[in-house]
Amino acid sequence: MQIRTCEGACKTKKENLLAATAMASSRLKYLSLGVLVFQTTSLVLTMRYSRTLQAEGPRYLASSAVVVAEVMKIIACLLLVFKDHSYSMRALNSILRQEILHKPIETLKLAIPSGIYTLQNNLLYVALSNLDAATYQVTYQLKILTTALFSVSMLGRRLGIYQWLSLLILMAGVALVQWPSESAVAPDKEAPSAGSQFVGVTAVLVACCSSGFAGVYFEKILKESKQSVWIRNIQLGLFGLVFGLFGMLAYDGERVKESGMFQGYNSVTWTVVALQALGGLVIAAVIKYADNILKGFATSLSIILSTLISYFWLQDFDPSSVFFLGAVLVIVATFLYGYEGKSSPNPSRA
C-alpha cells in the first residue's frame, strides 16, 4: 500500500514538473516572439527615422555607424565569453589565444562572410535612406529566397514542395510591392523619387544576395568546427572592424578628417547603432525557443507594424491596394516556407 502511495506521489510530482516546464517553455516562446518583433521593427524604423530626420549640422556617416556597431558587438561577445568561463580573465585570455591566435586558418575563414556582412550593413543604410520602412521590410524578405538557393547549392539541403511553392509566392509578392503606383505625384517630385527608389531597391536586392550567401557560409563554418558561436562572432567582428574602417576612410575619409567620425551623432543614432550591434546577438540567444511558425508570426507582425508606423507616424508611406496584396503574399510565403509538412518521397534538389 505504501509503495503504491509513493508511486502515486512520484507520478504527481513528475506531472507537475512537466506542466511547469511546458508553461515555462510557452512563456519563453512568447517572450522570444516579442523580442524578435521588437528588434526587427525597431531597427528598421529607427534607422529610417535617423536617415530622414532633419537636424542642424551634418548627418551622421553610415560607414561610421557600421564601425561603431562592430566595436559594440565585439565587446558584447567578449563579455559573454567572459561569463561562460566563470568571469576568469585568465580563462578568457587563454581561450582567445587558443581559438583565434593559434588557429589562424580557422580565423581567416571568417574574412569572407565578414566582408560581405560589412557590405550588407552599409547597404541597409543606403536602402533605408531611399525607401520607406514598409517597402524595405517586405522587399528584404527576398533573403529567404537567396538563403534557400545558397543552402541547396552549398550545403546540399533538400527543399520540399511547400518550400519551393513559397519561394514562387515570395517573388510574386515582392514584385507586386515594387509595382509602380498610379497615385498622382507632383511632376517636380516624380523624378527624384523614382531615382531614389531605384537606388533603394537595388541596395536591398544586393543586401539580400549577400545576406543569403554570408549566412549559409557562416552556417557551414559553424557545422565544421566546435568553436562557440560567441568566439565566431568575435572573429567576424574583428574582420568587420577592419573592413569597416577601410570602407569609412575610403568613402568618407575627407568628411571624417573635417568633422570626425562621430559627426551628427545623437540619441537616435546611438539607438540605431546599439540595435544593429546587439540585436543579432539577442536573436541568437532566443532563436532556439522560436520555431518556424513563431518566426513567421514575428516577420508578419513586423511588416504590419512597420506599415502602420510608416503611415501614421513617419508619414512617408501611402500604401496602395497592390502593395497590400504583395505584402499578404509575402506573409503567406513566410509561413509556408516554415511549414513542416510530411516529407516528400522525392524532394527537390539542385
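This passage describes two buried helix residues and a nonpolar surface patch in a predicted model. Local features need pLDDT of at least 70, side-chain atom pairs count only at pLDDT 80 or more, and totals for chains, interfaces and linings use all residues. Residues are numbered from 1 along each chain as its sequence is written, and side-chain values use heavy atoms, with hydrogens and water left out.

M248 is found in helix α10, residues 229-259. Helices here are DSSP runs (H or I, at least four residues), numbered from the N terminus. M248 has a relative accessible area of 3% and is therefore buried. Buried means under 20% relative accessible area, exposed over 50%, and partly exposed in between (1.4 Å probe, protein chains only). Beyond residues up to four places away in sequence, M248 touches S63, S64, V67, G253, V256 and M261. Contact means heavy atoms within 4.5 Å. S64 lies 184 residues from M248 in sequence, yet their C-alpha atoms are 6.3 Å apart.

T118 belongs to helix α5, residues 111-130. The relative accessible area of T118 is 5%, so T118 is buried. With neighbours within four places in sequence set aside, T118 contacts V66, G240, F243 and G244.

L301 lies in helix α12, residues 292-314. Its relative accessibility is 38%, so L301 counts as partly exposed. L301, I304, L308, Y311 and F312 make a nonpolar surface patch of about 490 Å². Such patches join nonpolar side chains (Val, Leu, Ile, Met, Phe, Trp, Tyr) within 5 Å, or like charges within 9 Å, from residues with over 30% relative accessible area and no salt bridge. A salt bridge is a side-chain nitrogen of Lys or Arg within 4 Å of a carboxyl oxygen of Asp or Glu. Accessible areas come from the Shrake-Rupley method with a 1.4 Å probe; for residues, only the protein chains shown count as cover.

Methods:
Helix = DSSP H or I, 4+ residues; strand = E, 2+ residues; numbered from the N terminus.
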